[in-house]
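The following paragraphs go through one chain, from its salt bridge to its overall form and then to its surface.

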Amino acid sequence: MNRKNQRAEMALHRDRVSDSFQELLAGTEDLLRSTASYTGSEIEAARSRLKRQLAEARDSAGDWEDQALDRARRAKAYADEYVHENAWKSVGVATLVGVLLGCCLLANRR
């Protein structure tokens with residue numbers, strides 16, 4: 001599988017996980033609102049535990065997002081450093097790709 005397909009698949013999975021997590025949060029909040037009028041020590045204990053778990057889930061999601069952003073920043077910095085350290089290689093590869101694409105386009109034009 002090429003990188004473009006991998007990125008598209010990763011983005012799709014990320015969106016699915018994000019959507020599922022948002023649905024979970026919304027459902028949990030709805031449940032908390034709908035049971036607000038109930039009484040009893042067991043229900044209050046369950047509501048309290050659910051509120052705590054929901055807060056922890058939100059914190060975890062924030063941590064995951066921060067980690068993903070940090071990894072993206074590091075990858076960007078690494079790529080930037082590589083290009084700067086290997087400028088002539090990068091220019092050579094870009095030139096070669098450009099020449100190959102140009103030749104393919106000219107060959108298809110005839």
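A salt bridge joins the side chains of R74 and D70, with an N to O distance of 3.2 Å. The model is a predicted one, and this distance is computed from its atoms. Side chains of opposite charge can pair when their charged atoms come close. The cut-off applied here is 4 Å between a side-chain nitrogen of Lys or Arg and a carboxyl oxygen of Asp or Glu, and by this rule the count comes to one salt bridge. Both partners, R74 and D70, belong to helix α2, where four residues, or about one turn of the helix, separate them. The relative accessible area of D70 is 34%. Because partly exposed covers the range between under 20% (buried) and over 50% (exposed), D70 falls in the partly exposed class.

The helix that holds this pair is part of a simple arrangement. Three helices and zero strands make up the secondary structure, and the order along the sequence is α-α-α. The chain is more spread out than a compact globule, because its radius of gyration is 25 Å, well over the 13 Å that the globule rule gives for 110 residues. Taken along the principal axes, the box filled by the C-alpha atoms is roughly 80 × 35 × 20 Å. Of the 110 residues in the chain, 7% are buried. The accessible surface amounts to about 9700 Å², and carbon and sulfur atoms account for 58% of that surface.

Two C-alpha distances add detail to this picture. E29 is placed in helix α1, which covers residues 3-34. E29 and A57 are 28 residues apart in sequence, and their C-alpha atoms are 12 Å apart in space. With a relative accessibility of 25%, E29 is partly exposed. The other distance starts from E56, a residue of helix α2. Between E56 and T35 there are 20 Å from C-alpha to C-alpha, for a separation of 21 residues along the chain. E56 is also partly exposed, at a relative accessible area of 42%.

What remains is the surface, beginning with charge. The chain carries 18 positive and 17 negative charges, and the mean positions of the two sets lie 9 Å apart. Which residues form a negative surface patch? They are D59, D63, E65 and D66. One of these, E65, sits in helix α2, which runs over residues 41-85. A patch takes in residues with over 30% relative accessible area and no salt bridge, so D70, which meets R74 in a salt bridge, is not eligible for a patch.

There is also a nonpolar surface patch, made by Y78, Y82 and V83, with an area of about 340 Å². Among its members, Y82 is found in helix α2. The relative accessible area of Y82 is 43%, so this residue counts as partly exposed.

Notes: Residues are numbered from 1 along each chain as its sequence is written. This is a predicted model: local features need pLDDT of at least 70, side-chain atom pairs count only at pLDDT 80 or more; totals for chains, interfaces and linings use all residues. Side-chain values use heavy atoms; hydrogens and water are left out. Patches are made of residues with over 30% relative accessible area and no salt bridge: like charges are joined within 9 Å, nonpolar side chains (Val, Leu, Ile, Met, Phe, Trp, Tyr) within 5 Å. Accessible areas come from the Shrake-Rupley method with a 1.4 Å probe; for residues, only the protein chains shown count as cover. Lys and Arg count as positive and Asp and Glu as negative; His and the chain ends are not counted. The place of a charge is taken as NZ of Lys, CZ of Arg, CG of Asp or CD of Glu. Helices (H or I, at least four residues) and strands (E, at least two) are DSSP runs, numbered from the N terminus. Buried means under 20% relative accessible area, exposed over 50%, partly exposed in between (1.4 Å probe, protein chains only). The radius of gyration is taken over C-alpha atoms; the globule rule is 2.2 Å times the number of residues to the power 0.38.
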